[in-house]
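Opening the notebook on a new model today. I want to look up helices, surface, cavities and salt bridges, in that order.

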Amino acid sequence: MTTTTPATDTTASRTRGTGTTATRALGIATIVMLAWLVAFGLGFSPADRDQDEAVRIMYVHVPTVWVAYVALGVTALCSALYLFTKKHSLGFDRWAGASAEIAVVFMALTLVSGMLWGKITWGVYWAWDARLTSFALLFISTIGYLAVRSLGGSHQQRAKRSAIVGLLVVLEIPLVHWSVRLWNSLHQEPSVLDTDGDVSIDGLMLFSLFVGVIAFTLLYVWLLLHRTRSMAMADLLDDVGLDQALADRRAEGASS
């Protein structure tokens, strides 16, 4: 672990913050796409023949679960890059950790929107259905990954143990996705990402759903960039604090 970082770098990082011209442009694009989603999701998109207005929950539910899967995929990829590359860069660890944090948020949104949808269509907020239960297990496992990250030790120790857990957590995603077919689930099968290639959804609904996926993906990228940079600053402050503690101990030893 590097412990020789000039304090001026820390001060400069505090002054700069985590925003750049690129992230600000990305933030504006995200707001525009979210506004577009609201317009299409609540206004232009038609009600469903069977689910009526409840179908509009889909424009939040599907994009949030999409982002959750992508975020966990990024966590697994960065975990593998940390473990299996010679440099063992802490940058990969921070990308993995930041992406997992965002995944937890989007999984929570998926669960909440799914429960609201379930109440309208099934008559209950929750059922111990294969899809719901496996997704809840994935949610808890990801929280466990974050708990492992918060354990003590050096940055390299944190990175190694959390990378191993991250690679294990992502293995649950295929189980969640195929649970609908493996077990006689209440949850409907995919309307868009069906492996049979049969897209059974109205054209304007499909377009609104596409807008939602793009909007939430941009939001994920924006959050990931800012969170990764803030985690780098936190690691930097830890290193500076360790340097100061070592300097204090040396001073105490010299004076005694």
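Before I quote any helix content: helices here are DSSP runs of H or I with at least four residues, and strands are runs of E with at least two, numbered from the N terminus. I also keep in mind that this is a predicted model.

Entry 1, membrane spans. I checked the UniProt record, an unreviewed entry, and it puts "transmembrane region" at residues 25–44, 64–84, 96–118, 130–151, 163–183 and 203–225. I picked two of them to look at. Residues 130–151 come out as 91% helix and 0% strand, with 32 Å between the end C-alpha atoms. For residues 163–183 I get 86% helix, 0% strand and an end-to-end C-alpha distance of 31 Å.

Entry 2, surface. Which residues make the nonpolar surface patch? I find W36, F44, L204, F207, F210 and I214, covering about 560 Å². Two helices, α2 (21–44) and α8 (203–255), each put in at least two residues. The largest share is from α8, with four residues; F210 sits in that helix.

Entry 3, cavities. I rolled on to the empty space, since a probe the size of a water molecule, rolled over the atoms, shows where such space is left. Searching the whole structure gave me two cavities of 30 Å³ or more. I noted the second largest, which holds about 40 Å³. What lines that second largest cavity? My list reads L72, T75, T142, Y145, G166 and V169. Helices α3 (58–84), α5 (130–149) and α6 (155–169) each give at least two residues to this lining. By class I count three nonpolar, three polar and no charged residues there.

Entry 4, salt bridges. How many turn up in the whole structure? I get six. The one I wrote down is D93 with R149, where the closest N and O atoms are 2.8 Å apart. This pair ties together distant parts of the chain, 56 residues apart: D93 belongs to helix α4 (residues 90–121) and R149 to helix α5. I also note that α5 is among the helices lining the second largest cavity.

Terms used:
Residues are numbered from 1 along each chain as its sequence is written. This is a predicted model: local features need pLDDT of at least 70, side-chain atom pairs count only at pLDDT 80 or more; totals for chains, interfaces and linings use all residues. Side-chain values use heavy atoms; hydrogens and water are left out. UniProt positions are given in the numbering used here, feature names are shortened, and annotations may be inferred rather than shown by experiment. Patches are made of residues with over 30% relative accessible area and no salt bridge: like charges are joined within 9 Å, nonpolar side chains (Val, Leu, Ile, Met, Phe, Trp, Tyr) within 5 Å. Accessible areas come from the Shrake-Rupley method with a 1.4 Å probe; for residues, only the protein chains shown count as cover. A salt bridge is a side-chain nitrogen of Lys or Arg within 4 Å of a carboxyl oxygen of Asp or Glu. On a 1 Å grid over the protein atoms alone, a cavity is a set of points where a 1.4 Å probe fits but cannot get out, and a pocket is an open set with protein on both sides within 12 Å along at least five of seven lines; lining residues have an atom within 4 Å of a point. Grid points are joined across faces, edges and corners, and a volume is the space filled by probe spheres set on the points. Ala, Val, Leu, Ile, Met, Phe, Trp, Tyr, Cys and Pro count as nonpolar, Asp, Glu, Lys and Arg as charged, and the others, Gly among them, as polar.
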